Amino acid sequence: MKRSLITVLILSIVIAAGWVPAAGVASAQATGQAPRILSVLSNGALLADDGTVWLTDSFGKLTMQTRSLGIQAISGSTYQGIGVLPDGSLTAWTDKADYGKIASASDVKQVSGSHWLKPDGSVWTYSLQTGKPEQVQGLSDVSLMAVGNRYAGLVKSNGDIVYKSDRGTPVVWGKVSNAGDVADVQVSESVIATLLRDGQVVFYNLNYFEMNDGPNYLKPIPVTVATDAKNIALVSDKALLIVRKDGSVALNNPFESRNGKMATSELAGVRGVDRVVSADNEYLFYARLDNGDWIAYDRDGTTDTLSLPYPQELAVSLDRTKVQVGESLKPQLVLKYNTGTKKSLGGKDVQVSIDKPHLLKQQGDGTWKALAVGETTVTITAAGLSKTLTVVASQSKALQGGKTISGVTMLPMKSVFQTLGGTIASDAATKSHTITVGKTQIKLKAGSKAATVNGKNVTLKAAVRSENGQTYFPADLLSAALGAKLTWKPATQTLTIAFGQASMSVSTYQSGQTTKTASGLYAVAGTGKYAGYKLLKGHPYESTTAIYFKQSGTITSSILVDVRKVDLNRKITWVDPYGIKHTNTVGELRKLFADVSNQYTSDWLLATFGSVYTDYFPENVPSDQLIEQYLRETGQIQ
């Protein structure tokens with residue numbers, strides 16, 4: 001059936017009556033299992049036991065509220081409401097904002113509409129603009145209340161039954177001997193209905209009254225229409241629902257119940273009812289059955305069973321699962337329901353558990369940032385569903401400062417363990433170091449091969465050593481302590497350290513080292529005016545061109561120097577195109593080549609001067625490629 005979206009009074013919650021589920025109620029949203037309905041609003045919106053609210057659109061389709069309220073009871077309207085949190089405190093919202101906690105549990109006796117009753121008998125609501133609590137003036141000593149859109153029915157602590165319109169003053173319509181005898185009160189435009197704890201249902205109809213002296217000269221006559229009720233709901237001035245103690249439901253018309261005539265009819269086909277909620281759409285009411293299920297009762301006498309969509313799958317997607325340290329990932333999280341509904345989830349809607357938080361961190365914007373090298377699993381949980389995936393973080397740029405000593409690869413302690421997300425605590429007096437990487441604790445001591453890993457003794461291939469303020473440890477410690485796979489690459493003087501699919505590398509190349517790479521390249525320090533540069537050696541152009549280079553961060557600069565030996569004073573005799581003979585030195589000819597380059601063709605100059613002319617030009621040397629090849633082979637770049 002088509003349902004219309006109406007925003008009106010929804011539900012009154014009596015805290016003392018136990019209508020609020022106890023804190024810690026378990027959600028039924030396990031995989032493939034529908035959640036339980038806790039409450040139904042008068043317009044057909046539903047509150048599930050996982051704290052989600054499902055609203056109805058103009059086509060009757062249920063749509064999950066985009067904000068996760070985490071509430072266990074609801075009152076007011078879908079556009080202005082109050083939710084009861086698990087601890088009994090209240091949270092408030094409008095269609096434009098969530099105002100968070102507005103009242104603590106100790107300040108709440110009852111909730112009705114967008115109002116709450118304090119234990120001291122005062123009535124409160126909240127500002128739609130700011131969410132700030134506001135006391136309703138003129139209402140005090142209230143024991144029980146029902147607040148509608150434009151009117152309210154109150155039971156005062158002295159037993160007065162009071163009616164108040166939104167623009168009028170409170171008017172006493174009746175009285176009970178003890179306010180505590182009233183279990184519930186309902187209100188419509190012209191009727192107040194009360195449910196007494198002994199099962200009596202008594203209403204007061206403004207259109208059925210007696211004359212009275214005093215300010216309340218029109219006093220409604222109380223009419224008792226039931227003596228065995230456990231719940232009531234006032235749909236309108238002409239429809240009062242009565243749930244009997246045997247679970248049957250009766251419908252009374254207060255307008256026609258007078259002068260001893262009770263216009264009450266039993267509703268066929270409705271049994272086992274615990275409580276009812278009036279409906280303001282095509283249904284007459286909603287009913288909760290003794291087993292906790294909810295049904296909708298149509299005005300034609302048919303019933304529909306209410307059910308909630310339930311999540312079947314939590315879909316998590318990443319643009320990639322392998323990242324470099326320092327990079328971030330943005331997960332896309334979608335909850336898929338059995339009805340085909342999909343809900344995109346934000347960071348507040350899910351729980352993210354990172355197995356190794358020293359490797360990966362969830363940031364405030366919902367992204368995950370890679371902090372260090374390694375593999376970690378990430379488990380995302382929402383609505384009782386979980387998804388686990390693995391993120392691999394590597395570092396492509398090789399660390400510098402490794403050494404090979406007596407055939408053992410020694411690594412710089414500080415930079416290596418920082419890259420692995422570890423922390424180091426050093427004791428200068430004992431020359432000992434305590435390293436923590438995730439759940440692994442490593443203890444080392446300078447000058448000793450002995451180490452401990454989580455309290456277990458390990459003997460290393462070489463002793464830990466300190467040089468020039470730097471501490472070095474043998475690489476096999478990473479295998480023993482962290483399960484790393486070590487691969488030595490002699491061509492590049494580099495040690496690759498792998499943790500599953502994650503990897504990093506450490507170069508053992510030392511400044512001034514002349515060990516040749518696989519292609520025969522090596523570098524020595526520049527001298528003289530080229531001090532600060534490195535001179536690349538072992539390339540095929542070494543006899544004609546010196547290649548100097550230096551690095552500054554990620555920028556490499558180079559200088560090419562022609563080193564060919566030329567006697568500039570040697571004399572050359574030649575004949576110009578006019579047959580005139582000339583004699584010049586090589587130095588003079590080089591100046592001539594520059595001056596006459598536009599007068600003579602290169603073919604004529606080559607035929608006339610031969611090697612004297614070709615030696616004038618520097619050799620075409622692929623210096624950039626050679627420098628890059630050397631840096632790559634030595635592990636200084638990837």
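A residue counts as buried when its relative accessible area is under 20%. In this predicted model, Asp160 has a relative accessible area of 15%, so it falls in the buried class. Asp160 also has a charged partner: a salt bridge joins it to Lys175, with the closest N and O atoms 3.1 Å apart. The two come from distant parts of the chain, 15 residues apart, with Asp160 in strand β16 (residues 160–165) and Lys175 in strand β17 (residues 171–175).

That bridge has company, as a search of the whole structure turns up 14 salt bridges. Another of them pairs Arg244 with Asp228, whose closest N and O atoms are 2.8 Å apart. Arg244 sits in strand β23 (residues 239–244), while Asp228 belongs to the loop between β21 (218–226) and β22 (229–236), so this contact ties together parts that are 16 residues apart in sequence. Arg244 is buried at 13% relative accessibility, whereas Asp228, at 30%, is partly exposed. Bring in Glu266 and there is a network of salt bridges linking Asp228, Arg244 and Glu266.

Things look more local in helix α6, where Glu628 and Arg632 lie four residues apart, about one turn of the helix. Their salt bridge has its closest N and O atoms 2.8 Å apart. Both ends are partly exposed, Glu628 at 39% relative accessibility and Arg632 at 38%.

Now for the rings. The whole structure holds 15 aromatic pairs. Take Phe593 and Tyr616, an edge-to-face pair at 5.6 Å centre to centre, with 70 degrees between the planes. Phe593 is part of helix α3 (residues 586–595) and Tyr616 is in the loop between α5 (611–614) and α6 (623–633), so the pair ties together parts 23 residues apart in sequence. Phe593 is buried, with just 2% relative accessible area, but Tyr616 is partly exposed at 28%. Tyr616 also pairs with Phe617: their ring centres are 4.9 Å apart and their planes at 70 degrees, so this pair is edge-to-face too. Phe617 is partly exposed, at 39% relative accessible area. Ring pairs carry on from there into a cluster made up of Trp574, Phe593, Tyr600, Trp604, Phe609, Tyr613, Tyr616 and Phe617.

Rings take up with charges as well. Lys118 has its charged end over the ring of Trp124, 4.0 Å from the centre. Likewise, Lys238 lies over the face of Phe255, at 5.6 Å from the ring centre.

Notes: Residues are numbered from 1 along each chain as its sequence is written. This is a predicted model: local features need pLDDT of at least 70, side-chain atom pairs count only at pLDDT 80 or more; totals for chains, interfaces and linings use all residues. Side-chain values use heavy atoms; hydrogens and water are left out. Rings of Phe, Tyr and Trp (its six-membered ring) pair if their centres lie within 6.5 Å; planes under 30 degrees apart count as stacked, over 60 as edge-to-face and the rest as tilted. Buried means under 20% relative accessible area, exposed over 50%, partly exposed in between (1.4 Å probe, protein chains only). A charge sits over a ring if NZ of Lys or CZ of Arg is within 6 Å of the ring centre and within 35 degrees of the ring normal. A salt bridge is a side-chain nitrogen of Lys or Arg within 4 Å of a carboxyl oxygen of Asp or Glu.
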